[in-house]
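Take a walk through the two-chain model shown here. Begin with the overall build of one chain, then move to its parts and its partner.

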Amino acid sequence: QAQTGSVSGRVLDEKNAGIPGATVLVAGTSLGVSSDADGNFRLANIPAGPQTIVLTFVGYNEVRRPVTIVSGQNVAVNAALTVNATELGEAVVIGYGTQRKQDVTGAITTVTAKDFVQGQITNPEQLIQGKVAGVQITTDGGAPGASTTIRIRGGSSLNASNDPLIVIDGVPVDNSSVSGAANPLSLINPNDIETYTVLKDASATAIYGSRASNGVILITTKKGALGDKLTVNLVSNTSLAARYNSVPVLTADEFRATVQAVAPQQVGLLGTGNTDWQKQVFRTAMTYDNNVSLTGAVGKLPFRASIGNLEQQGILITNRLIRNSGSLSLSPILLDNHLRVNVNVKGTWVDNNFADAGAIGSALAFDPTQNVFSDNATYGNYFQYLQGNGTPQQNVPTNPVATLMLQRNRSTVKRSIGNIQLDYKLHFLPDLHANLNLGYDVTRATGNNLVDARSAGSYFNNPLDPTNTTARGGSYNYYSQQRNNKLLEAYLNYTKQFNENTRLEVLAGYSYQDFVTTAPAYDTYLGDASTVRTLAAKNPFRTQYTIISYYGRANLSIKDRYLFTATLRNDNTSRFGPDYRKAYFPAGSFAWRIKEEDFLKDSKTFSDLKLRVGYGITGQQDVVAAAGSDYPYIQRFQQNVPSAQYQLGGVYYTPYSPLGYNGKIKWEQTSTYNAGLDFGFLDNRLTLSADAYYRKTTDLLAVIPIPSLVNFTNRLISNVGSLENKGIELNLNGNVIQSEKLNWSVNANATYNVNRILSLGPQAANFQGIENTGISGGTGTNIGNYRVGSPSSAFYVYQQVYGANGKPVDGVYVDTNGDGKVDSNDRRIFQQSAPKVLLGFGSNLSYNRVSLAFSLRANLGNYVYNNVNSNLGNYQGIVGSTNFVSNVTRDANNTGFLNRTQDRYSSDYYIQNASFLRMDNVTLGYNAGKVLNGKGSLRLSAAVQNVFVATKYTGLDPEIPNGVDNNVYPRPRTYTFGLNLSI
Amino acid sequence: CNKDLDRTPTYDLSTDAVYKDAAGYRTVAAKAYSGFAVTGPSGPGASTGDILGIDQGTSDYVRQLWSAQELTTDEAIIQWGDPGIQDWHNMNWTSSGVLVQGLYSRILYEITVCNSFLAEATDAKLSARGITGADLTDIKAYRAEVRFLRALAYYHALDLYGNPPFATETDPIGGTTPPKQTTRAALFTYLESELKAIDTDLLAPSQSANQYGRASKAAAWTLLAKLYLNAQVYTGTARYADCLTYAAKVIDTGGYSLQTTATNMATAYSRNFLTDNNTSPEIIFPIVFDGKRTQSYGGTTFLTHAPVSGTADKYWNPAKYGIGAGWGGTRTTPKLFQQFTDTAADTRGRFVTGGQTMDVVSQTNFNNGYVPIKFKNVSSTGAAGADATFVDTDYPMFRLADVYLMYAEAAVRTNANLPQALTYVNLIRSRAYNNTAAGNIATADLTLDFLLNERSRELYWEGTRRTDLIRYKRFTTADYLWPWKGGVAAGTSVPDTRSLFPIPASDLSVNPNLVQNPGY
């Protein structure tokens, strides 16, 4: 009989609670076991003699216990693991699993709840705004639940999606637009979020293959833990949001003076009022955000349940968002610690009251000498421009207050995301885990938009009868949308510790995801909600796509120093034809923990030094926005809508229109090279990560001109050309002061990104590029241009000529191509809207119970097209009509331009440097400590958001997602009082 | 589960599903017709239409054709700031201009739609799909009509761009092989034979309502007459005698006659441009619009709205045009106004002059330039159209007065049939002068110059002016100037290469078979 003995014991955490799932190994052997739900373990058949027992668990320091095994006897080993203070042992969420931070080989940044942006947070992505190098998060203005543009390391595509993939608790969510919700992520309650993990390079993201080209954001929600005592947590925030600046238009008195000076013949059109229209359409808005959660474990069932209620007013009158949300997570471990179960269900019910953002623009231009109200009840007692017979004039500005007050635009959106994840550790082979994840993402949206019949803007809408002076229209339309998305994921994970020095982890999986969106077609009505104005399309809307994937990953760790990761994903999408839908996305990376080498092991300078290099290919198949459908490769006929019929011989035919299609459309591929260094100094009180990357997208999905006569369109989504992004990221975390009472930590991050289009397919000598990004004014005017050698966000403008007085000379531009004449070909590429440099800085200082935190963010090298000035920075509003005058921006008094002209819209005069430094947030916190007889703890906070913006930009706000400043909903300054009570 | 990757559209149809029966063929034939009227399958309110890279409303066939034919001449000028729109009148368009590109794309898109229909409408395919009897006869007529529509679009390509790419129903669609370029002369020959070849299958000319909107033999003859009238320009060889032949054919066997009956709300002439112009006996081929069912921001909606001031004032009442408000854009140069020696007597010369200056000093001030009153959204009895935005009036692509004038010009140029020509011209003149002989001319007056001017008086704003001026060598030369011709206030000559528009740079880039027109 072999001479063997056994070891048993319990693995404990710092609170002496058992750690389930800790790894217990006998060093130098293949013997190993995991601790059970209570942290107990028993390991038999250990060869007699001196042995070393190695106890490990992610996030904790490894413990090595020398023991002497005596044949036939048991040795007790109880070990308390200590939390890995260096954070290197922290578990990091990666695609399909977790990894110790020290084992990570790719470019990954994690932000946990303690580092989230404070204050009134409505959309989850705001939690990490400015916190992660390489990630740009831009809200589309200050409306509650406004959409957000997220860009990780610049956009990798031109016309395919540039949005990152977002995975919530293992469910890749549909980020496509939801009817009735500007931002689909606003349907997630930020209070339920525990961590954000941003996967940036291909080695980290390639496991998500097809949808990973623009990075992956993994969101993990809060969960209960075994052994937790029952805790009730109440978070209550009350906020007040106020507008802090205005678009510089003339006051009523200035306007009177200007009209007198510029066009005395128009003075008779002035009113007698003094109205600041911006003041009239905006208000100081209140927000109440209350969340209660219950966390703990009932017996062996850890759980967390939460409910939230948010009521947020927008600063634009009539704008409001109400969100009720609930979430439940259960995470029991069953079958003698062999089956881990995770159940997550999140549900949200959002009621939106939208306000017509067009009123923001009309508030700028509306004549400030007119009053808000009149005594004419026909038009809701609002001032409107009327004709002699009392009917509204046409093509005149409409009172912005009336626009808002006489419209009710509401939506109700319900969304639920949930999954059940089963992780089974095989009884006969505990190194092998089988994981099954079943998830769903379901949305139900309904909404309606009613424009009151008293609205002068909708007067004479229909039916037309010139003799009927009371004919009013209004309008009413109803919409609904259903999205049903399903997910099935299954993978096997095998972990093998070969000996003390070599560990191999292999993962292989399958994924099936299906997305269905349907929307019925409805008639639209007049404001009476019964007279049909436009017939519904014959067919409702329905679209479906499916992605089926196989993926694998191997991690090899040698001596804890040399870490290798290889991943391969095979993706198949229904969006491409049978010959093109399959693609492989490989990635490989290597990390060298230099610190562990002998020559650095004893270094006092470095507490950590790691080199990471990686390469991989990721893909993009989200062409819906550019292709207009989920079926871009199929030749289809669309039945025309009822307003696009044609009459032949007295019969109305509803034509079938053939649609353009690309039978050869396939994956766009992005190759990413990444190299990074992680430094730790002073026991990792100071850590620095530096990454350099090069990303090249080939088979670029771009909408390009195609030869005439070969397809049913003149521009087609095609795989053509290439573009590149290259950049550097730095991330610095420092615990500058660490003491019992006084603590100060800072985070600084910086990103430099250069984007360039390398090819757009065949080019004729005088091909000027593909114009993009429409502006307001001059139908069809574009301000951007995709051109080889230029950034994809470049502007395309004339070069303005300035006079001796420094003012732009009207209509005079430089003949940049030197052909002796100035025409549209003299427009040139000028600057770009994407920032070249992103900077973020956060500081958290605490003394005893008081803490002060702030975060700063800067964008450098970004330019904005000031569409407000190109529209209103001239006297067109004063001289342009014989029926009314409208306000102008102060720039009109600078330029003296008399009217709007087309070429001037394209002048670089309106391209302004929009670099800025913004203080997003200052939070003062007070930890009141134990309250309620020691049963609870209380934390109070006061926060100011959007504290200041320093910029040279002359418009309202330099931070504009697409670089065109027009009708931007102002981002208010928000004051929040918060209370966080745990019992 | 891999078969789940074969997702197909739920409601959109495949080629076989569309062409499964005769009704399916008719819906696609209707698509080919509607390509001249509507801008996309999803209606005017949708974000995109058939043609990309251009505002959807602007991309309308008639609107763009009209702009290229009228805004480039003395007949029309526009005060808007859309990119490239002033280029029309200033004659400084470029090969990358969005409007030059948009018109080209619209024409060739229309040809592609026609080609795809014709590829599915071969005798073999009709037979394979079991279409027989009356259905077969009907679809064969539609097939001939679609060939006519394709010829019409190719004619516009020939006239405007000269040497476009060329493909027929035998060339595959959906591939990537770019088509070859054709020449003006070769295209002329093709169109001539094509229009003659379809004569058998086309419907006979008819005024009956159950044929309204469909292209009859007379439409093909009219197009042939136009082709021949301009053959000297297109091929270098004059074909005026053939023009005379086909114009005569329309006049003699078409059964058309001038609308000579005025109502108490409308002159006889103006009834061709009102909502009930579908009852006019002189319209040979209309593009049919409907305020509710055939909507676009082009076509007659554009032609009605663009000249009208934005809101009612003492000179304007948009309601008189049957619309809620105008778009304040188009007006004319003094040249057109001056064609009418007596605007009181000649009922065609109706202009808004109040509040307007006759001279066009500025191209950005709507109050510069008189504004012709032509297209309206009211009927001959004064009833407003069905919709205040979208206009019911049909666009007269071909009408008899044009054929009379073509006949007369061909007669003068060949010195043949002059008495007959004089009769036709005086039919037009007397209709214009309230069915009196007050405006009638004598044989001696029947000169080429007179006919060019008469064409302008009769057919202004109907999309023939540029072609006419080129035929008379007055489009680019210093022989005839108008305000802002060539981009200067007094007008100046431009290189003769401006008689053709450039092949858009976007197509040159992707089709190596194409060679740019000279001068660009």
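Chain B contains 18 helices and eight strands. The model is a predicted one. Along its principal axes, the C-alpha atoms of chain B occupy a box of roughly 75 × 50 × 45 Å. Chain B has a radius of gyration of 23 Å, and a compact globule of 520 residues would come near 24 Å, so the two values agree. Burial can be put as a share: 60% of the 520 residues in chain B are buried. Contacts can be sorted by separation in sequence. Take those in chain B between residues at least 6 apart; 66% of them join residues at least 24 apart.

Now split the chain. The domain assignment of chain B gives two parts. Domain 1 combines residues 13–202 with 484–520, and domain 2 covers 289–393. The C-alpha centres of these two domains of chain B are 27 Å apart. Across the boundary, 19 residues of domain 1 of chain B are in contact with 22 residues of domain 2 of chain B. On the domain 1 side, α3 (61–71) and β1 (77–78) of chain B are the elements that give two or more residues. The most come from α3(B), with three residues. By class, this side of domain 1 of chain B has ten nonpolar, five polar and four charged residues.

Stay with α3(B). Eleven of its eleven residues are buried, so the rest of the structure largely encloses this helix. Its buried residues run from B:Tyr61, B:Val62, B:Arg63 and B:Gln64 through B:Leu65, B:Trp66, B:Ser67 and B:Ala68 to B:Gln69, B:Glu70 and B:Leu71.

Another helix of chain B is α16, residues 448–459. Does its length fit, or fall short of, what its residue count predicts? At 1.5 Å a residue, its twelve residues should span 16 Å; the end C-alpha atoms of α16(B) are 16 Å apart, so the length agrees. Buried residues in α16(B) are B:Leu451, B:Glu454, B:Arg455, B:Ser456, B:Glu458 and B:Leu459. They pack against four helices of chain B: α13 (334–339), α14 (400–414), α15 (418–432) and α17 (465–471). After α16(B) comes B:Trp461, with a positive phi near 65°.

Turn to the partner chain. Contacts between the chains involve 79 residues of chain A and 91 residues of chain B. Several elements of chain A each supply at least two residues to its side, among them β27 (502–519), β30 (541–558) and α11 (902–905). Also on that list are the strands β34 (637–639), β35 (646–648), β36 (651–653) and β37 (656–658) of chain A. β30(A) gives the most, with five residues. The side of chain A that touches chain B divides into 31 nonpolar, 39 polar and nine charged residues.

Last, look at a sheet in chain A. Three strands form an open sheet in the order β53-β52-β56, with mixed pairing. Strands β53 (911–913) and β56 (964–965) of chain A stand at the edges; each has a single partner strand, so one side of each lacks a neighbour in the sheet. Strands of a sheet pair through backbone hydrogen bonds, either parallel or antiparallel. Here, β52 (residues 863–866) of chain A runs antiparallel to β53(A), and three bridges join the two. In β53(A), A:Ile911 is the bridge partner of A:Tyr865.

Terms used. Residues are numbered from 1 along each chain as its sequence is written. Chains are lettered from A and ligands numbered from 1 in the order in which they are written. This is a predicted model: local features need pLDDT of at least 70, side-chain atom pairs count only at pLDDT 80 or more; totals for chains, interfaces and linings use all residues. Domain bounds come from an automatic or database domain assignment. Two residues are in contact if their C-beta atoms, placed from the backbone, lie within 7 Å. Ala, Val, Leu, Ile, Met, Phe, Trp, Tyr, Cys and Pro count as nonpolar, Asp, Glu, Lys and Arg as charged, and the others, Gly among them, as polar. The expected span of a helix is 1.5 Å times one less than its number of residues. A residue is buried if 20 or more other C-beta atoms lie within 10 Å of its own, exposed if 12 or fewer, and partly exposed in between; C-beta atoms are placed from the backbone. Two strands pair if DSSP finds at least two bridges between them. The radius of gyration is taken over C-alpha atoms; the globule rule is 2.2 Å times the number of residues to the power 0.38.
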